[in-house]
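Colleague: I should be grateful for a close look at the nonpolar interior of this protein. Please set out how it is built and what surrounds it.

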Amino acid sequence: MPKPKRTPGLPTREQILDFIVSSDVPAGKREIARAFGLIAQDKIGLKALLKDMADEGLIDSAPGRAFHKMGGLPKVTVLRIVDVDDSGNVWAVPERWDADAPAPRLRVRERKRGALGVGDRVLARTEEAGQGWIAHPMKQLARGEELVLGVLHDEGGKLWLQGVEKKERHQFLVSDAGGAGPGDLVLAEKAGRPPRITVRVTERLGDPFAPRSFSLIAIHKLGIPNVFSPETLEEAVRVAKTPLGAATPAPSGAGEREDLRHLPIVAIDPADARDHDDAVWAARDDDPANDGGWKAIVAIADVSFYVRPGSELDREARRRGNSVYFPDRVVPMLPEELSADMCSLKQDVDRGALVCHLQVAKNGTLKGWHFTRAIVRIAANIAYEEAQAAIDGEIEHPLTETALKPLWACWKALYKAREKREPLDLDLPERRVVLDEKGRILSVAPRERLDAHKLIEDYMIAANVAAAKALEAKKAPVMYRVHEPPSREKLVALKEYLKTFGVEFALGQVVRPGTFNHILDRIGEADFRPQVMEQVLRTQTQAYYAPINHGHFGLALGSYGHFTSPIRRYADLLVHRALVGAYHLGVGGLTEGEAASMEKIGESISMLERRAMEAERDTIDRYVAAFLSERVGQVVDARITGVANFGFFATVEGIGGDGLMPVRDIGGEYFRYDEVGRRLVGDDSGTEYASGQRLQLRLAEANPVSGALRFEMVDGKGARPERESRPGRVIKRRGRPANIRHQGRKR
């Protein structure tokens, strides 16, 4: 389209750019017109010229209709604090950045030292100084976690925002849509006071019903950092080129690496694994002192060699705490140059590894261990299903005899020791969402639990135990993975709950993980087994990271530290650094400052782990709701997962997703809530609805944005299940629970 001719009164593009860059105040159309003395008839031409400059990529508009040079910063803008360095300097990045160039980092001049922390948001005046930028805070804004994430819709000619939270019932009037429209998923900032609270859109995120938006909702809702700074990316590229150092058959000094490239070490992972941070090998031990035993190797990517304490990579990894895994993407703890390349143990390429050498007795106990830095060359990256099929003789694999069979033989010994230890064993389903290449949902189903999964899990547990005990022996700091025993209050609640099923539970006994396993063994395959398992799970405490050892109750272990996943967990990176220092393995050891801050770091990464778990769980719920949205109106097999005085929650069998069945919609009679038995009982019919009960419900609603489901009774009538004879007033549940074991990630 031809450009409009410039009238004599209009400034040139260069003059406008010079003014925008040099102006001490935000430069909107009014300020530009005033600066160049434009009269009324010139302002129409100015508007067209500014639009042309925006289309040409010369300028961009900021909130408030001020302009700034494309790739530059507005004079006044919203910043997010991303780092407070060891010198107390506060650093921020623009909350919104649409340019192709990397977003700049600004040093914040605080009015009061220590007033701002990571995650805080400020409205600030920006100033370019030398080669960098300075920010002068004007006003502190609500933190990112307090922003409203929701979908816009038009009602009565006005825009309203509906939050994505399942419990969010309130709608907010939109005072400034920021260019977004009905149907858009947006981030918005609250303004005003109750009852007149409005929202201003700060960022448009796109179509909320697009499958790849579901993880984006969780990322923005929980404030998960998902963009690396230019400095971090540049450092990743640079350190990835660092030479690994000399390789010898048996390293004799710091900086040398053990050469293990001759061993058929294999990495067994999910078929869709995006990174490979662990690999294993085993063989019969020829040491006479370990008669009938095994020697094994657990090789872990040597992340500490590349990510040094105090570096940009280290600061960013600590800020993230862990990688977050979604069905459609990973938000990694480390840039892909490391996480998916140099620190990923890929087949047929040399990689640096921190290696745990294990000596396993024939009864499966650990007789000895030591740690080295090594160079490994993985013989194969094998999927769990492929490894299992090879062992079962269903397919031929070139490494079956040399690598897989010795691994399975050693694992059988480890598994015997595990069974004797009696760790907590709950059969809990984990849903797997399968997507096509466009991100559309193909299926949602429980993950299959194979011996291959158990094998890798037990090798990882053995290495984690060895790492903790090795550091204890060296009197070095340990970041423990702590899981404390259940509190007495929770055990009392479990006792009362089990009593409703006629199951006795003595409080005076010493409670071990096996205690709960024995309860489930006594119940057998009773219809109420799933709800008892869920109650046992709720009885457990939440695991956390700390430098003080309280043992790992669930695994029945006295000392336990995460060592096996430094690509995706900061706790493991700290354990690696401690081992490097304790065994004098060269650069990248734990610093005195880190050792002194272990408690504080443990609290932080424990919190970040909980955030990641919430994000992953919420995203799966959204995918499940999207998958079920095509079945709205259909009758589905469901199971009650929880009961309250206002109704019961149910999940679709074999798929998941939680939905509410309000008590007002259950039937025509009054239902009383039995708090101890956690059931609703009809006054007239005696019909009961209890946790764990199976029944058919009609799916009335499935909301992919919130992840919420809503059910209706079939034909508007409550179910009339048969009763079974046992202590307490209960319902006979038809069918049996699926034989699904919980399959978490490698521990």
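Modeller: The account below begins with the model itself and then turns to the interior.

This is a predicted model, in which local features need pLDDT of at least 70 and side-chain atom pairs count only at pLDDT 80 or more, whereas totals for chains, interfaces and linings use all residues. Residues are numbered from 1 along each chain as its sequence is written, and side-chain values use heavy atoms, with hydrogens and water left out.

The protein contains 17 helices and 34 strands; helices (H or I, at least four residues) and strands (E, at least two) are DSSP runs, numbered from the N terminus. Of its 747 residues, 52% are buried, where buried means under 20% relative accessible area, exposed over 50% and partly exposed in between (1.4 Å probe, protein chains only). Contact means heavy atoms within 4.5 Å. Among contacts with a separation of 6 or more, 65% are between residues 24 or more positions apart.

In soluble globular proteins, nonpolar side chains tend to be buried together. A nonpolar core is here a set of buried Ala, Val, Leu, Ile, Met, Phe, Trp, Tyr and Cys residues joined through side-chain atoms within 4.5 Å. The largest such core comprises 94 residues, and L338, Y459, F563 and L579 have the most contacts inside it. Helix α11 (residues 451–473) gives the most to this core, namely 12 residues.

F563 merits individual attention. Leaving aside residues up to four places away in sequence, F563 touches I300, L354, C356, F371, A463, N464, A467, D572, V575, H576 and L579. A second, separate core has 30 residues, including F214, V433, I640 and L697.

Two cysteines may be noted as well. C343 is buried, with a relative accessible area of 1%, and C410 is buried at 0% relative accessibility. The structure holds 0 disulfides, a disulfide being a pair of cysteine sulfur atoms within 2.5 Å.

A charged residue is also found among the buried positions. R694 lies in strand β33 (residues 694–703) and is buried, its relative accessible area being 16%. The side chain of R694 makes a polar contact with the side chain of E653 at 2.7 Å. A polar contact is a pair of N or O atoms within 3.5 Å; within protein, one must be able to donate a hydrogen and the other to accept it, and residues adjacent in sequence count only if both atoms are side-chain atoms.
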